[in-house]
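The following exercises ask the reader to work from the coordinates to a reasoned account of charge pairing and strand order. Each task is followed by a solution that goes step by step.

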Amino acid sequence: MPDPHDDFTAYAHAQLPRLVATAHLLSGATGDPREAAEPVRRTLVGVCARWRRIPRDDVDFYVLRSLVKEFLRGARRQRALPDGVLKDTSARQRAVLVLLHREGLREVEVAQLLGWSAGAVGSRARRGLAVCGGDAQRLRGLLAEAAEVARTAQVGVGAVPFGVALDDVERRGRALRLRRRVAGAALGALLLVPAGVFVAGRIVGGGSADGSAAGAVDVARSPIRIVAPGERVDAVPGVQVWLTSDGKHWSTPQRPNQFRGLTDDSYAGGQKVAADSAKPTASVQPDWLNSSYFLSGLYRGLSADPVRVEVTVDDSRMTGTVLTLAGSPGWGVWYTRASLSATQLKASYGDGGPTVTVYDAAGKVVARGGGDW
């Protein structure tokens, strides 16, 4: 059986026609469709750099989200288009319309993908559709025609499939992965890593006695510490975290004795999720700490312990440490420290803010949520 970590080229080659067509539609379906290859190339470089950490059942979601965010980053200062299929729509309206009427996602799925509230997605969908004439069926037909034109224009590019040289993408992706590893190692040397008290068989939920998990994917795993109710943990210098049966408590020098309860609402994909909802979810709360941020949050609604909790802020991805109470499966607290400025964190909320993703031992996404602010 081939190594699942070596299948990036096959996946990218198979998805290139769809990705370039989608990028062309996001641009408004104006100009030469082959110009859409550049944002696709940048997206695939980033995907290649993180390929080993992307669960295989979440690849399409991750790649599409990366492509749309790549488009939105480049279009922040772009005005409404004067021509094309989606003329006179804003960049964010185009993203919503393409995801709804070409990719076939539901509004709640678009909200999760973009990290926006469902209300924001619905509002942009209605306004964008009104600008395009108000006929959803006609718009779907126009988008399908523009996508076909993009696919036709990609034929005959030559030795480079669809205008994207995958060997160059892989080379740049490997270089980017190496740079991130070096940067991560340097940051880890500067920050105090909490001393974890690891319990055999709990480092990976549902694993064997030696802490292994059969069938687990090759991803960095979160340190998991089991604590007693009220037991205070020195997460990073100046910050203490402790759990009780009703939720998460933490103190920072600026804001002592904070509390986030299991009965408080959380946010999934920017959409508020009621505490009594059965949907697994997670939350993010940022606290300014000297020259960086202490990020922490609750996850809940899981049927098994997580193996990895990952928080993403723009292009930065960090693995959180997990605290859980003995005998309290299904919920816990995660935390990490991020070397972000206040300006960087606030700017990230333009694209939905921090996103936390919880994975099980098989690498499957079992909960996802957004940040509070």
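**Exercise 1.** By about how much of a helical turn are Arg42 and Glu38 separated in helix α2 (residues 37-49)?

*Solution.* The model is a predicted one. Arg42 and Glu38 lie four residues apart in helix α2, so they are separated by about one helical turn. Their side chains form a salt bridge, in which the closest N and O atoms are 3.2 Å apart. As for accessibility, Arg42 is partly exposed at 36%, and Glu38 is partly exposed at 33%.

**Exercise 2.** Determine whether Glu70 and Arg73, which meet in a salt bridge, are buried or partly exposed.

*Solution.* Begin with the positions: both residues belong to helix α3 (residues 59-74), where they are three residues apart, about one turn of the helix. The N to O distance of their salt bridge is 3.2 Å. Since buried means under 20% relative accessible area, Glu70 counts as buried at 15%, whereas Arg73, at 28%, counts as partly exposed.

**Exercise 3.** Establish the strand order of the open four-stranded sheet and identify its edges.

*Solution.* The order is β2-β3-β4-β5, with antiparallel pairing. Strands β2 (233-236) and β5 (258-261) each have a single partner strand and therefore stand at the edges, where one side of each is left without a neighbour in the sheet. Neighbouring strands of this sheet are turned by 30 degrees against each other on average, direction ignored. Strands β3 (residues 239-244) and β4 (residues 247-251) are joined by five bridges, and Val241 has Trp250 as its bridge partner in β4.

Key. Residues numbered from 1 in each chain as written. Predicted model: local features only at pLDDT ≥ 70, side-chain atom pairs only at ≥ 80, totals over all residues. Heavy atoms only, no water. Pairing = 2+ DSSP bridges. Helix = DSSP H or I, 4+ residues; strand = E, 2+ residues; numbered from the N terminus. Axes fitted to C-alpha atoms, helices over the stretch in contact; angles between N-to-C directions. Salt bridge = Lys/Arg side-chain N within 4 Å of Asp/Glu carboxyl O. Buried < 20%, exposed > 50% of the residue type's maximum accessible area, 1.4 Å probe, protein only.
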